[in-house]
Amino acid sequence: MKYNLSNMMCLDFFLSAQNKEDYKAIEPLLITPEFANFPLKSFDIFVDSFTSKMKTLDRENDINIIKEFAAKYKWTSNIDIIFKDIDFEAIVLTNDKQEIIWVNEGFKEMTGFTKKFAQQKTPSFLQGKDTCNVTKERIRENIKLNKPFTDIVINYKKDKTPYRCEIKVFPLFTKNITHYIALEKAV
């Protein structure tokens, strides 16, 4: 008899729902050569797979939202190239004055600040007493150059906890620069 992973997960779910007495009654039936090499007695495999798929779907959804902005503002920037091979937790989209117009859900998870709170603020609201002035100046200068750049800055979460944040900033163009996108992750 062949067992596939789907059947094994169903069995795993069934087994986890049993009380001790019922489990003891069916346990001898589980020790067969087919199961001996694959003793699945937890739901971990499914949860890990589900979590991974959800992260992939969240990333795809975030990229699709940015593509909607790209169509709306007629950016000539290649969105797929911007996201290619970049690991990020948060996306911050600003206008040309660096005012936040959109953040993804990962921003809230990373910083504790809601989307609504972040909108119309500049990303500098995340900075605090340990944010290096030299780093802040370097970021301002890089934005003026209108070229993609990467930097690391000390930011602060809503609960005032500092964290090192890697930012990858990309200017977004029509004929002129109209917006900036920052892909961020705690490092």
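How does Phe117 count at 38% relative accessibility: buried, partly exposed or exposed? In this predicted model, Phe117 counts as partly exposed, its relative accessibility being 38%. The briefing below follows the aromatic rings, then the lysines placed over ring faces, and finally helix α8.

**Aromatic pairs**

- Seven aromatic pairs are present in the structure, and one of them joins Phe69 to Trp102 in a tilted arrangement, with 6.2 Å from centre to centre and 55 degrees between the planes.
- Because Phe69 belongs to helix α4 (residues 44-73) while Trp102 belongs to strand β2 (residues 100-103), this pair ties together parts that are 33 residues apart in sequence.
- Phe69 and Trp102 are both buried, and the two residues also belong to one aromatic cluster, which they form with Tyr73 and Trp75.
- The pair of Phe113 and Phe117 is stacked, because the ring centres lie 5.1 Å apart and the planes meet at 15 degrees, where planes under 30 degrees apart count as stacked.
- Within the stacked pair, Phe113 is buried, its relative accessible area being 11%, whereas Phe117 is partly exposed at 38%; the cut-off for a buried residue is under 20%.

**Lysines over ring faces**

- Phe117, the partly exposed member of the stacked pair, also has Lys121 lying over its face, at 4.1 Å from the ring centre.
- A further lysine, Lys157, lies over the face of Tyr163, and here the value from the ring centre is 5.9 Å.

**Helix α8**

- Helix α8 is made up of 13 residues (133-145), and from its first C-alpha to its last it reaches 19 Å, which is close to the 18 Å expected at 1.5 Å a residue.
- The buried residues Thr135, Ile139, Asn142 and Ile143 of α8 lie on the same side of the helix, because they cover an arc of only 100 degrees around the axis.
- The partners against which the buried residues of α8 pack are three strands, namely β3 (149-156), β4 (162-173) and β5 (177-186).
- Asn133, Val134, Lys144 and Leu145, by contrast, are exposed and lie on the other side of α8.
- Just after the helix comes Asn146, which takes a positive phi of about 60 degrees.

Technical notes
Residues are numbered from 1 along each chain as its sequence is written. This is a predicted model: local features need pLDDT of at least 70, side-chain atom pairs count only at pLDDT 80 or more; totals for chains, interfaces and linings use all residues. Side-chain values use heavy atoms; hydrogens and water are left out. Rings of Phe, Tyr and Trp (its six-membered ring) pair if their centres lie within 6.5 Å; planes under 30 degrees apart count as stacked, over 60 as edge-to-face and the rest as tilted. Helices (H or I, at least four residues) and strands (E, at least two) are DSSP runs, numbered from the N terminus. Buried means under 20% relative accessible area, exposed over 50%, partly exposed in between (1.4 Å probe, protein chains only). A charge sits over a ring if NZ of Lys or CZ of Arg is within 6 Å of the ring centre and within 35 degrees of the ring normal. The expected span of a helix is 1.5 Å times one less than its number of residues. The arc is that of the directions from the helix axis to the C-beta atoms. Contact means heavy atoms within 4.5 Å.
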